[in-house]
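The exercises below are to be worked with the model open. Each task is followed by a solution in steps.

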Amino acid sequence: MHGSNQTKHWQALDAAHHVHPFSDTAALNKEGVRVITHGDGVYLWDSEGEKILDAMSGLWCVQVGYGNGALAEAGYEALKRLPYYNHFFKTSNPWTIELAAKLATLLPEGHDHVLFANSGSEANDSALKLIRYYWNLKGRPEKKIHLSRDYAYHGVTMAAASLSGLTPMHPQWDLPLPGFDKVPAPYWYGAKEAGYGDIAPEEFGLLIAKKLEEKILELGPDRVASFSAEPIQGAGGLIFPPDSYWPEVQRICARHDVLLHIDEVITGFGRTGEWFGSQTYGIAPDIMTMAKGLSSGYQPISAISLGARMSQTILNANEELVHGYTYSGHPVACAVALRNLEVIERQNLVSRTRDIIGPYLQRRLKETFAGHPLVGEVRGKGLLAAIELVRDKTERKFFPDPGTIGTHCRNYCFNSGLVSRAIRDTMVLAPPLIVSETEVEEIVAKLKNAIDRTAKDLGKL
Ligand code: PXG
């Protein structure tokens with residue numbers, strides 16, 4: 001990047017003092033970081049004045065888009081009135097109370113109680129602690145194994161990373177911890193290459209659900225505490241389960257008395273066209289975690305909601321809950337989250353995603369890419385979409401060395417002012433819920449250009 005003096009100054013300071021998450025910092029410093037200075041709607045600008053269409057909503061979180069003044073004002077008002085107080089010693093504050101009550105009106109049936117934390121990882125870590133506590137209270141302390149899936153992403157704390165099915169997340173930290181085990185993901189597009197043959201999606205969904213039951217029986221239902229899962233797997237490659245999967249998983253969890261922990265960190269707050277992915281798939285979770293879209297990313301805040309079974313047991317324990325963070329239910333974060341929910345409601349962003357702009361994006365992507373020689377599958381729901389780049393579309397064969405082609409295509413996107421994400425060789429989109437039809441057209445055109453150029457480089461076009 002040929003930066004101005006200001007950009008070069010920031011790049012030098014960043015290189016000297018800042019360690020980046022999920023980055024090879026040394027390699028990054030050679031290129032120089034891109035400094036994002038402001039945002040408005042679906043657009044970001046960098047310190048060189050370049051305009052970028054953010055079709056990933058930051059990290060899947062900016063539901064209402066950038067630069068929403070109502071959220072900024074709510075935060076400012078709370079900062080002036082009560083910049084900080086906690087909930088530890090029999091205290092609360094108006095914003096936390098109102099947010100908890102508001103969430104109870106939106107959450108699935110029976111989820112009337114919430115705890116707050118500050119990130120998705122913390123929420124998941126807390127959820128596992130609450131699951132362990134539940135079984136201890138039930139007099140079944142031997143039920144302690146946490147199951148999750150291949151390709152799962154649940155965050156980075158010791159416990160959340162142990163739930164992860166993305167194996168590169170483990171070796172640097174000697175994870176997973178003991179007491180964590182994995183089952184396969186309902187990734188139908190990859191089924192053929194994984195050796196399941198030409199199986200139909202619904203049959204595959206049932207088969208993969210049965211693998212969960214086999215694992216529970218192998219470990220012993222008396223030892224299995226919980227199954228953690230995203231309704232749609234996000235960072236693992238946007239894996240949409242066949243319709244047969246969730247009903248069968250729920251039957252299996254109920255049959256073996258395994259608590260169902262649903263991670264709604266990506267799928268919550270309208271992303272799939274309902275308030276929660278659980279509603280989209282008819283899932284009744286025992287415990288749910290959420291973050292990101294709760295505040296549209298404007299403030300760090302997450303929540304854990306308890307279904308009736310867990311809340312009755314935990315709240316009737318009549319003892320201190322020995323858990324909580326200094327910033328749990330931070331007044332400023334709660335004020336911003338509350339205003340965010342108001343904006344989502346006022347602008348009908350959930351039903352707009354389900355009925356108007358979600359279907360529009362999905363239709364335009366299918367029209368543009370389904371017949372493309374490099375594209376194996378276009379899949380999506382609401383404002384989540386994936387375009388799988390493959391070596392052989394009739395045989396559903398992937399490229400060797402997954403990630404190389406995807407990153408190549410992603411770089412073309414970046415260079416043309418479009419943020420999309422490459423997960424292995426799957427191009428992923430999750431634009432803000434306020435995205436307009438014109439902006440969808442810009443996303444589709446820029447992505448087409450990047451995929452065409454990638455196909456040309458591979459001699460496929
Ligand atoms: N659960 C899910 C389903 C997530 O997607 C977390 C938990 C953890 O949240 P925190 O707030 O602790 O980061 C996430 C986060 C990516 C990417 O590149 C995805 C996430 C985070 C960072 C990068 O897709 N998801």
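**Exercise 1. Polar contacts of the ligand**

Task: Find which N or O atoms in side chains lie close to the ligand in this predicted model, starting with the side chain of Ser 121.

Solution:
- Step 1. Take 3.5 Å as the cut-off for a pair of N or O atoms.
- Step 2. In the side chain of Ser 121, an N or O atom is 2.5 Å from an oxygen atom of the ligand.
- Step 3. For Trp 60, a polar side-chain atom lies 2.9 Å from an oxygen atom of the ligand.
- Step 4. With Lys 292 the ligand atom is a nitrogen, 3.1 Å from an N or O atom of the side chain.
- Step 5. On its own the ligand has 540 Å² of accessible area, and the protein covers 84% of it.

**Exercise 2. The shell around the ligand**

Task: State how many residues surround the ligand, and which helices and domains supply them.

Solution:
- Step 1. Count the residues with a heavy atom within 4 Å of the ligand. There are 16, and the closest are Trp 60, Gly 120, Ser 121, Asp 263 and Arg 421.
- Step 2. Sort the shell by residue class: six are nonpolar, six are polar and four are charged.
- Step 3. Assign the residues to helices. At least two come from each of helix 3 (57-60) and helix 6 (120-137). Helix 6 gives the most, with three residues.
- Step 4. Assign the residues to domains. Domain 1 (34-64 + 348-457) and domain 2 (70-346) each provide at least three residues of the shell.

**Exercise 3. The two domains**

Task: Describe how domain 1 and domain 2 are placed relative to each other.

Solution:
- Step 1. Set the bounds: domain 1 is made of 34-64 + 348-457, and domain 2 covers 70-346.
- Step 2. Take the centres over C-alpha atoms; the centres of domain 1 and domain 2 are 26 Å apart.
- Step 3. List the residues in contact: domain 1 contributes 40 residues and domain 2 contributes 38 residues.

**Exercise 4. A hairpin and its sheet**

Task: Trace the pairing of strand 1 and strand 2, then place both strands in their sheet.

Solution:
- Step 1. Strand 1 (residues 36-40) and strand 2 (residues 43-46) run antiparallel and are joined by four bridges.
- Step 2. Two of the partners can be named: Asp 40 is bridged to Tyr 43, and Gly 39 to Leu 44.
- Step 3. Two residues lie between the strands of this hairpin, and Gly 41 in the turn has a positive phi of about 65°.
- Step 4. The sheet is open, with four strands in the order 1-2-3-13 and mixed pairing.
- Step 5. Strand 1 and strand 13 (418-419) are at the edges and have a single partner strand each, so one side of each has no neighbour in the sheet.

**Exercise 5. Backbone details in loops**

Task: Locate the cis peptide bond before Pro 176 and the positive phi of Lys 90.

Solution:
- Step 1. The cis bond joins Leu 175 and Pro 176, with omega about 0°.
- Step 2. Pro 176 sits in the loop between helix 7 (158-163) and strand 6 (180-183).
- Step 3. Lys 90 is not a glycine, yet its phi is positive, about 60°.
- Step 4. Lys 90 belongs to the loop between helix 4 (69-81) and helix 5 (94-106).

Key. Residues are numbered from 1 along each chain as its sequence is written. This is a predicted model: local features need pLDDT of at least 70, side-chain atom pairs count only at pLDDT 80 or more; totals for chains, interfaces and linings use all residues. Side-chain values use heavy atoms; hydrogens and water are left out. A residue is near a molecule or strand if one of its heavy atoms lies within 4 Å of it. A polar contact is a pair of N or O atoms within 3.5 Å; within protein, one must be able to donate a hydrogen and the other to accept it, and residues adjacent in sequence count only if both atoms are side-chain atoms. Accessible areas come from the Shrake-Rupley method with a 1.4 Å probe; for residues, only the protein chains shown count as cover. Ala, Val, Leu, Ile, Met, Phe, Trp, Tyr, Cys and Pro count as nonpolar, Asp, Glu, Lys and Arg as charged, and the others, Gly among them, as polar. Domain bounds come from an automatic or database domain assignment. Two strands pair if DSSP finds at least two bridges between them. Contact means heavy atoms within 4.5 Å.
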